[in-house]
Protein chains: 2
Amino acid sequence: MSDLLQRLRSRGWRLTSQRRVVAEVLDGDHVHLTADEVHLRAAARLPEISRATVYNTLGELVAIGEVLEVSTVGRAKRYDPNARRPHQHLMCSGCGMIRDVHPVGNALGDLPESERFGFAVGSVEITYRGLCPACA
Amino acid sequence: MSDLLQRLRSRGWRLTSQRRVVAEVLDGDHVHLTADEVHLRAAARLPEISRATVYNTLGELVAIGEVLEVSTVGRAKRYDPNARRPHQHLMCSGCGMIRDVHPVGNALGDLPESERFGFAVGSVEITYRGLCPACA
DNA sequence: TCCTACGATGGACTTCGTCCAAGTCAAGAA
DNA sequence: TTCTTGACTTGGACGAAGTCCATCGTAGGA
């Protein structure tokens, strides 16, 4: 994660304690926290940190591609720090838990030219849904 | 769409003017309206219809599988009446326009057992992203 | 050490959606 | 046809998630 801090610094980011804490909170695999959870965990280490700062920092991290936003139907956005290695998601329809997964095959190639409607298709996002062992 | 009304009646639904209007608004292909847009269009035909009723009706239609909720990163949910024929989505990163698409291949089968983490995987949702001709 | 522009703060505000008590009405019964 | 009843609708309050903004604080260069 100090890699991340280095990359941020080289982009001209000021390394404030708030940004450092947000980056630390997002460290790890299979991490898919909501903004509120990020705020909660960040506040445990830095009690004065504000919600606005967490939203700002997450938004900036998403903008520069260090973090992905995961869209979840009807729930708060989740933030996925594993942006540097391509992967897809498996989501529990019961509790909302998310795991990173790596399907085989080439989903982009599975979309025929005739189905592209003139779009310049650049990426594909796949979400598998089902019940996790705990919810089943 | 009168098919839909018949199916709803056979499920014991009362066919109120409000429900009829919501069903009419959702008629067609490549329709992906937000709840607010549904309300706007419904109100054009039935000015007294309330937001709560639109939300209720959409929720019920989703619950019985006649309409799909489409997750869009960050924006309001969209409702897709084309629930009876399986399809995926192609979304413009510029303007947010959505088209229904039909990829070849078997995305569900592309997820190896070792990547399922004990989940009972039931469905897969694929969103292709790119720029539409107008935005490119 | 000092300066200053970039970043943080917190509270108001917006958007999207849900809930509820009270009123209305579709459709079956007589 | 009229009656009855409980399912449906309404509008407004409420809540969660997210944005905006004026002001204050401070990282890091001079």
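**Protein meets DNA**

User: In this predicted model, what makes the pair formed by Arg14(B) and a base nitrogen of DNA strand D a polar contact?
Analyst: A polar side-chain atom of Arg14(B) sits 2.3 Å from that base nitrogen of strand D. The cut-off is 3.5 Å between N or O atoms, so this pair counts.

User: And Arg14(A), how do you know that its pair with DNA strand D counts too?
Analyst: An N or O atom in the side chain of Arg14(A) is 3.4 Å from a base oxygen of strand D. That is within 3.5 Å, so we call the pair a polar contact.

User: Which part of Ser50(B) meets a phosphate oxygen of DNA strand D?
Analyst: A polar backbone atom of Ser50(B), at 3.0 Å. On strand C, a polar backbone atom of Ser50(A) is 3.0 Å from a phosphate oxygen.

User: Why is Gln18(A) said to make a polar contact with DNA strand C?
Analyst: An N or O atom of the Gln18(A) side chain is 2.7 Å from a sugar or linking oxygen of strand C. Being within 3.5 Å, the pair qualifies, so the name fits.

User: How many residues surround DNA strand C, and what share of its atoms within 4 Å of the protein is sugar and phosphate?
Analyst: 18 residues surround strand C, with Arg14(A) and Thr16(A) among the closest. Sugar and phosphate make up 67% of those strand C atoms.

User: Which helix gives the most to the surface near DNA strand D?
Analyst: That's H4(A), with three residues. By class, this surface has six nonpolar, four polar and six charged residues.

Terms used
Residues are numbered from 1 along each chain as its sequence is written. Chains are lettered from A and ligands numbered from 1 in the order in which they are written. This is a predicted model: local features need pLDDT of at least 70, side-chain atom pairs count only at pLDDT 80 or more; totals for chains, interfaces and linings use all residues. Side-chain values use heavy atoms; hydrogens and water are left out. A polar contact is a pair of N or O atoms within 3.5 Å; within protein, one must be able to donate a hydrogen and the other to accept it, and residues adjacent in sequence count only if both atoms are side-chain atoms. Helices (H or I, at least four residues) and strands (E, at least two) are DSSP runs, numbered from the N terminus. Ala, Val, Leu, Ile, Met, Phe, Trp, Tyr, Cys and Pro count as nonpolar, Asp, Glu, Lys and Arg as charged, and the others, Gly among them, as polar. A residue is near a molecule or strand if one of its heavy atoms lies within 4 Å of it.
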